[in-house]
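Here is a walk through one chain, from its overall fold down to single residues. Keep the sequence and the model side by side as you read.

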Amino acid sequence: TEQGRKAYWTNICGDISNEIDIGERIVGGSVLGSDEFIGWVKEKLSGRETREVPAVKRILSYKAKDAILNAIREETGKTLSEIRAEKGIIRQVAMELLYRVGGLKGIEIGKLMGVDYSTVSQGRKKLKQKVAEERNLSLLMQRIEQRLSR
């Protein structure tokens, strides 16, 4: 709609004047704006058929990202900045869930976690081995996924 396009343009101009890093703020390959604006776009797109418009699927995956990070925080008490700072199992759990449940790509997860995409791949691989060996870790993953299914 014309109103939507005007709102989008207003947000882009405002964000650019606030010197945001455009490359890191483009969501779904096509939406640029503040978190509030991206939330508005997600709301408008929810319920749409994602097979016809692949960018919609990518945008909606960012909604899942927030839910995943919240579920991890609720279960472990760790915020995103704490997860980023610690090189440990919780970061591997976050990377796995963001990939498998959230649908984010390794490079996107790497940017979010402040690591290279190859670290994401290696961390997910190490996590699979640990989950198979450690029952407590397997239970943690199950509890987080149960929170996401609510």
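**From helix α8 outward**

K130 sits in helix α8. The model is a predicted one. At 28% relative accessibility, K130 is partly exposed, because its value lies between the 20% and 50% limits of that class. Leaving out residues up to four places away in sequence, K130 touches I89, Q92 and L137. The I89 link spans 41 residues along the chain, and the two C-alpha atoms are 8.9 Å apart.

Follow the contact to Q92. This residue belongs to helix α6, residues 89-100. Is Q92 buried or exposed? Q92 has a relative accessible area of 9%, so it counts as buried, the limit being under 20%. The side chains of Q92 and K130 make a polar contact at 3.5 Å. Beyond four places in sequence, Q92 touches G123, K126, L127 and K130. A further pairing involves R124 and Y99. R124 lies over the face of the Y99 ring, 3.6 Å from the ring centre. How many aromatic pairs does the structure hold? The count is zero.

Now step back to the whole chain. Its secondary structure comes to nine helices and two strands. What order do the elements take from the N terminus? They run α-α-β-β-α-α-α-α-α-α-α. The chain has 150 residues, and 33% of them count as buried. Its accessible surface is about 9,500 Å². Carbon and sulfur atoms hold 48% of that surface. Take the contacts in the chain with a separation of 6 or more: residues 24 or more positions apart account for 53% of them.

Next, the interior. In soluble globular proteins, nonpolar side chains tend to be buried together. Here the largest nonpolar core has 21 residues. Which residues have the most contacts inside it? They are I72, V93, L97, I109, M113 and I144. Helices α4 (54-76), α6, α7 (106-113), α8 (117-133) and α9 (135-149) each supply at least two residues of this core. Helix α6 gives the largest share, six residues.

L97 shows how such a core residue is placed. Set aside its neighbours within four places in sequence. L97 is then in contact with I68, I72, G102, M141, I144 and E145. Two of these names, I72 and I144, also appear among the core residues with the most contacts.

Two alanines complete the tour. A67 lies in helix α4. What is the relative accessible area of A67? The value is 36%, so A67 counts as partly exposed, between the 20% and 50% limits. Its C-alpha atom is 9.1 Å from that of R147, although the two residues are 80 apart along the chain.

A7 lies in helix α1, residues 2-17. With 27% relative accessibility, A7 is partly exposed. Look across from A7 to F37. The two are 30 residues apart in sequence and 8.7 Å apart in space, C-alpha to C-alpha.

Return, finally, to the starting point. K130 in helix α8 is partly exposed, whereas its polar partner Q92 is buried. Helix α6, which holds Q92, also supplies the largest share of the core.

Conventions:
Residues are numbered from 1 along each chain as its sequence is written. This is a predicted model: local features need pLDDT of at least 70, side-chain atom pairs count only at pLDDT 80 or more; totals for chains, interfaces and linings use all residues. Side-chain values use heavy atoms; hydrogens and water are left out. Rings of Phe, Tyr and Trp (its six-membered ring) pair if their centres lie within 6.5 Å; planes under 30 degrees apart count as stacked, over 60 as edge-to-face and the rest as tilted. A charge sits over a ring if NZ of Lys or CZ of Arg is within 6 Å of the ring centre and within 35 degrees of the ring normal. Helices (H or I, at least four residues) and strands (E, at least two) are DSSP runs, numbered from the N terminus. Buried means under 20% relative accessible area, exposed over 50%, partly exposed in between (1.4 Å probe, protein chains only). A polar contact is a pair of N or O atoms within 3.5 Å; within protein, one must be able to donate a hydrogen and the other to accept it, and residues adjacent in sequence count only if both atoms are side-chain atoms. Contact means heavy atoms within 4.5 Å. Accessible areas come from the Shrake-Rupley method with a 1.4 Å probe; for residues, only the protein chains shown count as cover. A nonpolar core is a set of buried Ala, Val, Leu, Ile, Met, Phe, Trp, Tyr and Cys residues joined through side-chain atoms within 4.5 Å.
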